[in-house]
Amino acid sequence: MLLTRADLEDRERFLNARDTIHALVENDIIPIVNENDAVATSEIKVGDNDNLSALVGILCGADTLLLLTDQKGLFTADPRKDPNAELIKEVKTIDDTLRKIAGGSGTTLGTGGMATKLQAADIARRAGIEVVIAAGSAPNVVCDSVSDEPHGTRFLPCEEALENRKRWILAGPAASGDIVIDSGAANAVVGKGSSLLAKGVTIVHGSFARGEVARVVDTNGHLIAKGISSYSSEDLTKILGKHSKDILNILGYDYGSEVIHRDDLVVIQE
């Protein structure tokens with residue numbers, strides 16, 4: 001199967017690709033998936049097989065994602081440079097410290113390094129998929145990786161896996177712009193699971209239409225969430241910082257009190 005991001009962005013194509021994978025597996029056929037480089041442009045290109053594998057894992061509802069590399073797993077430092085580097089056997093939370101470690105310990109093989117594997121692991125585990133990074137040259141690596149104690153690094157899935165619609169938001173559409181929000185809105189979205197209201201929006205970057213996916217970032221530019229915006233970027237610049245009850249008077253119409261409803265919002269920050 002040859003896929004591009006466009007196959008995942010469109011909900012109907014996403015479901016068709018999912019059904020194709022399920023039909024193959026039900027008939028004892030193992031699908032081999034790659035990116036369709038012949039037709040992929042930069043706008044619809046995933047770019048590396050690690051992230052593509054995470055998206056395919058979400059697409060087919062996988063239980064486990066196995067990422068093979070030339071390292072035994074994720075280490076506390078680059079094992080090729082630091083003899084004291086230790087293998088991290090289990091990861092429950094992916095934070096900036098772990099991302100910094102992965103950024104400095106990339107493999108020299110393929111288009112992706114350890115950093116892209118960590119990105120892929122973060123995407124997959126939010127969809128309830130367990131991830132194992134292990135050495136591809138290790139004997140019986142596939143069987144070992146699905147055992148109770150794999151020899152690589154195991155990333156535990158998030159306790160509350162995303163429902164199917166949110167999995168599609170996470171896996172499919174590339175964000176068309178950024179919605180910058182203040183600290184109060186960030187605390188409400190991350191800590192309370194609230195919808196995003198116009199009152200908490202401070203600025204809008206990029207151009208997106210109503211119904212397209214936008215990134216939600218804090219004032220320092222850190223990614224907080226992704227979601228389907230109920231308002232276009234043009235409309236949002238007119239109502240940012242305003243109370244929900246004022247939207248109708250400002251625009252002459254409204255699509256609800258939320259800029260992004262909690263059902264259409266996937267929190268990225270932990």
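## Around Leu 67, and outward

Leaving aside residues up to four places away in sequence, Leu 67 makes contact with Asp 50, Ser 53, Lys 117, Ala 120, Val 131, Val 132, Ile 133 and Ala 134. Keep in mind that this is a predicted model. Leu 67 sits in strand S3, which covers residues 64-69. With a relative accessibility of 3%, Leu 67 counts as buried, because the cut-off for that label is under 20%. One of its contacts, Val 132, is 65 residues away along the chain, yet the two C-alpha atoms are just 6.1 Å apart.

**The sheet**

What does S3 belong to? It is part of an open sheet of four strands, ordered S3-S5-S6-S4, with mixed pairing. S3 and S4 are the edge strands and have a single partner each, so one side of each has no neighbour in the sheet. As for the general rule, strands of a sheet pair through backbone hydrogen bonds, in either a parallel or an antiparallel way.

Both kinds turn up here. S3 and S5 run parallel and are joined by six bridges, and in that pairing Leu 67 stands opposite Ile 133. On to the next pair: S5, residues 130-135, runs antiparallel to S6, with three bridges between them. There, Val 132 stands opposite Arg 154 of S6.

S3 also has two distinct faces. Leu 65, Leu 67 and Thr 69 make up the covered one, while Thr 64, Leu 66 and Leu 68 are on the uncovered one.

**Two helices, each with a buried face**

Helix H4 spans residues 96-103, and its buried residues are Leu 98, Ile 101 and Ala 102. Looking down the axis of H4, these buried residues fall within an arc of 95 degrees, so they line one face of the helix. The other side of H4 carries the exposed residues Asp 96, Thr 97, Lys 100 and Gly 103. So what do the buried residues of H4 pack against? Their partners are strand S4 (90-91), helix H5 (114-126) and strand S6 (153-155).

Helix H2, residues 11-26, tells a similar kind of story. Its buried residues are Phe 14, Ala 17 and Ile 21. Seen down the axis of H2, they fall within an arc of 70 degrees, so they line one face of the helix. Glu 12 and Glu 26 are exposed on the other side of H2. The length of H2 checks out too: at 1.5 Å a residue, its 16 residues should span 22 Å, and the end C-alpha atoms are indeed 22 Å apart. Just after H2, Asp 28 takes a positive phi of about 60 degrees.

**An arginine and two cysteines**

Arg 126 lies in helix H5. A polar atom of the Arg 126 side chain lies 2.2 Å from the backbone oxygen of Ile 268.

How many disulfides does the structure hold? Zero. For context, a disulfide is a covalent bond between the sulfur atoms of two cysteines. Here is how Cys 60 and Cys 158 sit, along with Leu 67 and Arg 126:

| Residue | Relative accessible area | Class |
|---|---|---|
| Leu 67 | 3% | buried |
| Arg 126 | 8% | buried |
| Cys 158 | 17% | buried |
| Cys 60 | 25% | partly exposed |

The two cysteines fall into separate classes because buried means under 20%: Cys 158 is at 17%, whereas Cys 60 is at 25%.

Technical notes
Residues numbered from 1 in each chain as written. Predicted model: local features only at pLDDT ≥ 70, side-chain atom pairs only at ≥ 80, totals over all residues. Heavy atoms only, no water. Buried < 20%, exposed > 50% of the residue type's maximum accessible area, 1.4 Å probe, protein only. Contact = heavy atoms within 4.5 Å. Disulfide = S-S within 2.5 Å. Arc of directions from axis to C-beta. Pairing = 2+ DSSP bridges. Expected span 1.5 Å × (residues − 1). Polar contact = N/O pair within 3.5 Å; in protein donor to acceptor, adjacent residues only side chain to side chain.
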